[in-house]
Amino acid sequence: MRFNAIGLGLCLALSALPALAVDSLTVSLGALDHPRGEGSVNDGRISAGWVINQYENDSGLYQTRMEVGVGYSNTQADKVWSVTVAPVAHYRFKTSRPDSGPFVEASLGGAYLSKTRFADDHDLTSHGHFASRLGVGYAFGASEVSLNAMHFSNAGIKKPNPGVNVIALRFTRLL
């Protein structure tokens with residue numbers, strides 16, 4: 001019953017996104033690294049983003065963004081849905097083209113996972129987690145491509161705390 005309520009809430013939230021002046025949409029495909037998932041591409045995510053603040057100087061553009069997303073992982077034990085909410089620090093280095101260049105980004109936010117077991121010997125013990133992400137990429141005008149490492153962990157609030165790692169390729173379209 002709880003999963004149906006989460007799904008309904010996500011559908012309602014995603015249907016309201018056009019009214020919230022979304023600044024970016026992201027699609028991410030990747031693989032569970034710890035523990036390994038089922039299949040070579042076993043993690044997918046979509047998210048919406050908003051620019052909260054930005055500052056440009058002689059060396060580049062710094063943005064603070066907020067991202068809200070939903071993910072699906074095909075684990076060794078089950079199918080796991082997740083919802084994440086995270087602020088993102090995004091820095092694009094200045095190049096000869098004002099709308100393009102390499103960037104780095106980092107985020108730390110919250111996540112809710114529908115299941116705690118990712119493998120027979122890999123139980124996260126809680127549904128609530130911290131979601132951290134580091135990425136490097138390149139902006140091509142209104143598009144960004146990046147390679148990211150994500151980590152879900154309950155920060156030791158419940159034991160055991162094995163965490164989950166995901167390596168993903170992200171495509172972001174700035175609106």
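This section describes the cavities, nonpolar core, aromatic pairs and backbone features of a predicted model.

The interior was examined for enclosed space. The structure holds 2 cavities of 30 Å³ or more. The largest has a volume of about 190 Å³. Its lining comprises 17 residues, and those closest to its centre are Glu 67, Thr 84, Arg 133, Met 150 and Arg 170. Five strands each supply at least two lining residues: strand 1 (24-34), strand 2 (43-56), strand 3 (60-74), strand 4 (79-93) and strand 8 (128-140). Strand 3 contributes the most, with 4 residues. By class, the lining of this largest cavity has 8 polar, 5 nonpolar and 4 charged residues.

The second largest cavity has a volume of about 60 Å³. Its lining includes Glu 56, Gly 60 and Leu 61. Also in this lining are Arg 92, Phe 93, Lys 94, Thr 95, Arg 97, Pro 98 and Ser 100. Strand 3 and strand 4 each supply at least two of the residues. Here 4 lining residues are charged, 3 are polar and 3 are nonpolar.

Attention then turned to nonpolar packing. In soluble globular proteins, nonpolar side chains tend to be buried together. The largest nonpolar core in this model has 12 residues. Among them are Leu 32, Val 80, Phe 118, Leu 124 and Ala 131. Ala 111, Leu 113, Met 150, Phe 152, Val 164, Val 166 and Ala 168 also belong to the core. Strand 5 (100-113), strand 9 (143-153) and strand 10 (164-174) each give two or more residues to it. The largest share, 3 residues, comes from strand 10. Met 150 thus appears in two settings: it is a member of this core, and it is one of the residues closest to the centre of the largest cavity.

Val 166 illustrates the contacts of a core residue. Leaving aside residues up to four places away in sequence, Val 166 touches Ala 31, Leu 32, Asp 33 and Asp 43, and also Asn 148, Ala 149, Met 150 and Phe 152. Of these partners, Leu 32, Met 150 and Phe 152 are themselves in the core.

Aromatic rings were surveyed next. A search of the whole structure finds 3 aromatic pairs. One of them joins Tyr 91 and Phe 93 in an edge-to-face arrangement, at 5.0 Å centre to centre with 85° between the planes. Tyr 91 is buried, because its relative accessible area of 19% is under the 20% limit. Phe 93 is partly exposed, at 38%. Phe 93 is also part of the lining of the second largest cavity. Another pair, Tyr 138 and Phe 140, is tilted, at 4.8 Å centre to centre with 50° between the planes. Tyr 138 is partly exposed, with 32% relative accessibility.

The backbone has several features to note. Most residues other than glycine have a negative phi, and most peptide bonds are trans. The peptide bond from His 34 to Pro 35 is cis, with omega near -5°. Pro 35 sits in the loop between strand 1 and strand 2. The bond joining Lys 159 and Pro 160 is also cis, with omega about -5°. Pro 160 lies in the loop between strand 9 and strand 10.

Positive phi values occur at Thr 125, near 70°, and at Ala 155, near 60°. Thr 125 is in the loop between strand 7 (122-123) and strand 8. Its relative accessibility is 18%, so Thr 125 counts as buried. Ala 155 is in the loop between strand 9 and strand 10. Ala 155 counts as exposed, at 53% relative accessibility.

Conventions. Residues are numbered from 1 along each chain as its sequence is written. This is a predicted model: local features need pLDDT of at least 70, side-chain atom pairs count only at pLDDT 80 or more; totals for chains, interfaces and linings use all residues. Side-chain values use heavy atoms; hydrogens and water are left out. On a 1 Å grid over the protein atoms alone, a cavity is a set of points where a 1.4 Å probe fits but cannot get out, and a pocket is an open set with protein on both sides within 12 Å along at least five of seven lines; lining residues have an atom within 4 Å of a point. Grid points are joined across faces, edges and corners, and a volume is the space filled by probe spheres set on the points. Ala, Val, Leu, Ile, Met, Phe, Trp, Tyr, Cys and Pro count as nonpolar, Asp, Glu, Lys and Arg as charged, and the others, Gly among them, as polar. Rings of Phe, Tyr and Trp (its six-membered ring) pair if their centres lie within 6.5 Å; planes under 30 degrees apart count as stacked, over 60 as edge-to-face and the rest as tilted. Buried means under 20% relative accessible area, exposed over 50%, partly exposed in between (1.4 Å probe, protein chains only). A nonpolar core is a set of buried Ala, Val, Leu, Ile, Met, Phe, Trp, Tyr and Cys residues joined through side-chain atoms within 4.5 Å. Contact means heavy atoms within 4.5 Å.
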